[in-house]
Amino acid sequence: MSGTVTGVRDVSSFDEKEILLLTEEGKLLVKGESLHVKQLDLEKGEVWLEGRVDSLQYISKNAGRADESFLKRMFR
């Protein structure tokens, strides 16, 4: 699998099993196997990832906000 994540401000840490991205809306933890950061463009806020993704865990800056779900914010 390969794909681009947008809204990225920085790559906090990465290895073949876990990548932690700092995004405009919070932290995104990508877990899987054979993960690689193929390309990073912080000016555009984009990172190109490759590997098998098993899970994505999103930790919002506004994690305490119960009035609006992650999916609702994602599909505005």
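**Strands, hairpins and a core**

Modeller: Let's start inside the sheet: Ile19 stands opposite Val30 in β4. Keep in mind that this is a predicted model.

Biologist: How do you know that β3 and β4 count as paired?

Modeller: Two strands pair if there are at least two bridges between them. Six bridges join β3 to β4, so the pair meets the cut-off of at least two. The two strands run antiparallel, and a hairpin links β3 to β4 through two residues.

Biologist: And what makes β2 and β3 a pair?

Modeller: That's the count of bridges again: five join β2 to β3, and the rule asks for at least two, so β2 and β3 pair. They run antiparallel as well. For examples, Val8 has Thr23 in β3 as its bridge partner, while Asp10 has Leu22. β2 and β3 also form a hairpin, with three residues between them.

Biologist: Why are β1 and β2 called edge strands?

Modeller: Go through the order of the open sheet, β1-β5-β4-β3-β2. β1 (2-6) and β2 each pair on one side only, which makes them the edge strands. The pairing in this five-stranded sheet is antiparallel, and neighbouring strands are turned by 45° against each other on average, direction ignored.

Biologist: What holds strands of a sheet together in general?

Modeller: Strands pair through backbone hydrogen bonds, either parallel or antiparallel.

Biologist: What comes along the sequence besides strands?

Modeller: The pattern reads β-β-β-β-β-α, with five strands and one helix in the protein.

Biologist: Why is the set with Val5, Val8 and Leu49 called a nonpolar core?

Modeller: The name asks for buried residues of types such as Val, Leu and Ile, joined through side-chain atoms within 4.5 Å. The set has 10 residues: Val5, Val8, Val11, Ile19, Leu21, Leu28, Val30, Leu35, Val47 and Leu49. Each is a Val, Leu or Ile, so the residue types fit, and the set is the largest nonpolar core. Elements giving two or more residues to this core are β2 (8-14), β3 (18-23), β4 (26-41) and β5 (46-60). The largest share, three residues, comes from β4.

Biologist: What does Val5 touch, leaving out residues up to four places away in sequence?

Modeller: Val5 touches Leu21, Leu28, Gly45, Glu46, Val47 and Leu49.

Biologist: How much of the protein is buried?

Modeller: Buried means under 20% relative accessible area, and buried residues make up 29% of the 76 residues. The protein exposes about 5400 Å², with carbon and sulfur atoms supplying 49% of it.

How values were computed
Residues numbered from 1 in each chain as written. Predicted model: local features only at pLDDT ≥ 70, side-chain atom pairs only at ≥ 80, totals over all residues. Heavy atoms only, no water. Buried < 20%, exposed > 50% of the residue type's maximum accessible area, 1.4 Å probe, protein only. Helix = DSSP H or I, 4+ residues; strand = E, 2+ residues; numbered from the N terminus. Contact = heavy atoms within 4.5 Å. Axes fitted to C-alpha atoms, helices over the stretch in contact; angles between N-to-C directions. Areas by Shrake-Rupley, 256 points an atom, 1.4 Å probe, with all protein chains shown as cover.
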